[in-house]
Amino acid sequence: MKVFCSKGIGLLMLAVLASLPGRASERMLMPLSGLVHYVYLEGGAIDAFPDEHVASIEQTDSMCTVSTTDGKRYEYTGELDHVSTIAPQEMPELESFKFNNKYNDMLMVDAEGEIQGDSVFLTAGGIGKNLVASFRSTADDDEVYVGAKRQVSKQTCVRFAEPVTYTVSRPGWRMLRVYNDGSSRWLPFGHDYTVSVRFLSDSPTTQYGVPIVRINTLDGKIVTSKDTFKTAHISIDGAGYFPDLPDTLVQIKGRGNSSWQWPPYDSNGRPKHPYRLKFAEKQKPLGMTAGKSWCLIAQAQYGSMTTNPIGQRIAAKVGTAHPCHYIPVELYINGDYRGAYGLTEKIGFANNSIDLENEENAVLLELDTYYDEAYKFHTSYGSIPVNIKQPDLSDTAVHITKQEVMQSFNQLANAAMGGGDITKIADPVYLARYLMVTDLIYNIEFMHPKSTF
């Protein structure tokens, strides 16, 4: 992925930066410095007015009028309960706050929050500072906000590069807050908590700040075959922010097509090959979902060290079906440094890749001009080469036939290429998400086609 910049774009970026948080031109809330007038309404709602923003308060038994310093008037009649400078006696509170790795795809271990008074402290290991919080307050109908934005537990994503203030409020509780430019707006009020996160990735323990994978083959020789596994020992240093993997036996062999045949060579004349890893028992390298099969991608092509992880992160963010993780690592084999690699799941029906409740009628296809699987076909429209990756149709326990697979995929290809209705053949939402990612990162594999699953 190449990023181009011109003088005009640079000037535009300066203008954008000038308006970012922390700049002198930022519009900021003025701190509360005095009394607050609370207008209690029937049904539990409360309108609160900071004293410094109140010009006058006129009150009778049945009516209250609040005039503010910006010339506005707020009148309360039938719904009025009473007016007081005493805050609600029972403020809503947070009972728990955490980052669950189930809802944060690059957070490999849950981060439990420690609530101390009005503060919440967490330590998080993983990549990225945009996280989805899971929280619980004292009442089911409490409302939680960051500023004016309503927060939904296990759904709303917030950036935690700096401390973030969460407000636990009640339905109908709002306060008229004033900004440094004199403007005002209604914001929820209640119990404020400052959430501070310590990111382990800010202080990595490895030289280059990324995890280190060390593989030592039992025979002490490099891997030269895509067909035969070698037995080796593997250990992974998580760089202080991913879980480590202690020394474990693993099977390793080569993988890839063009990346295996024409790799670049390092300064010692050694090819930079991609590899497949296979464990006897399921493992969780760097805290990813447990699985037996993994891949080390060589990232030999120019620019691939950024395009691969960026592509997978975008795929995860837009909700494509079964995106992979892609974690940058440094690789050593038999003590020799082999360069920057990417550790990722091997694509297939498995709980760490395509995890399906029922695989009985599931088929994994790959569009690929290498056309190198035992079961394969070309589509009737466009002659697209299709490999049947899974299931193994030679297995007598598999009841799907090649003819059925061909017929089903031809229906999709014919509808898509002929301008027909594909909504009964494919999920249009997931197809749109996939095509969106393909377009955003300019992925041209689809055009060959190569490695399109």
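Trainee: Which residues make the nonpolar surface patch of about 610 Å²?

Mentor: Keep in mind that this is a predicted model. One member, Tyr442, lies in the segment after helix H5 (428-440). The patch of about 610 Å² is made by Leu431, Leu435, Tyr442, Ile444, Phe446 and Met447.

Trainee: Is Tyr442 buried or exposed, and what is its relative accessible area?

Mentor: Good one to check! Exposed means over 50% relative accessible area. Tyr442 counts as exposed because its relative accessible area is 65%.

Trainee: Turning inward, which strand gives the most to the largest nonpolar core?

Mentor: That core has 29 residues, and Ile215, Tyr275 and Leu343 are among those with the most contacts inside it. Several strands each supply at least two of its residues, including S20 (212-217), S23 (275-283) and S25 (327-333). The strand that gives the most, with four residues, is S25.

Trainee: How many residues are in the second, separate core?

Mentor: Phe99, Val144, Val164 and Tyr193 are included in this second core. Its total is 21 residues.

Trainee: Now for helix H4: what does it reach from its first C-alpha to its last?

Mentor: H4 covers residues 402-418, which is 17 residues. At 1.5 Å a residue, 24 Å is expected. The model comes close to that, with 23 Å.

Trainee: Which strands do the buried residues of H4 pack against?

Mentor: The buried residues in H4 are Val405, Met406, Phe409, Asn410, Ala413 and Ala415. Residues three or four places apart in an α-helix point the same way, because there are 3.6 residues a turn. The packing partners of H4's buried residues are strands S27 (364-367), S28 (376-378) and S29 (385-390).

Notes. Residues numbered from 1 in each chain as written. Predicted model: local features only at pLDDT ≥ 70, side-chain atom pairs only at ≥ 80, totals over all residues. Heavy atoms only, no water. Core = buried A, V, L, I, M, F, W, Y, C linked by side-chain atoms within 4.5 Å. Buried < 20%, exposed > 50% of the residue type's maximum accessible area, 1.4 Å probe, protein only. Expected span 1.5 Å × (residues − 1). Contact = heavy atoms within 4.5 Å. Patch = residues over 30% accessible without salt bridge, like charges linked within 9 Å, V, L, I, M, F, W, Y side chains within 5 Å. Areas by Shrake-Rupley, 256 points an atom, 1.4 Å probe, with all protein chains shown as cover. Salt bridge = Lys/Arg side-chain N within 4 Å of Asp/Glu carboxyl O.
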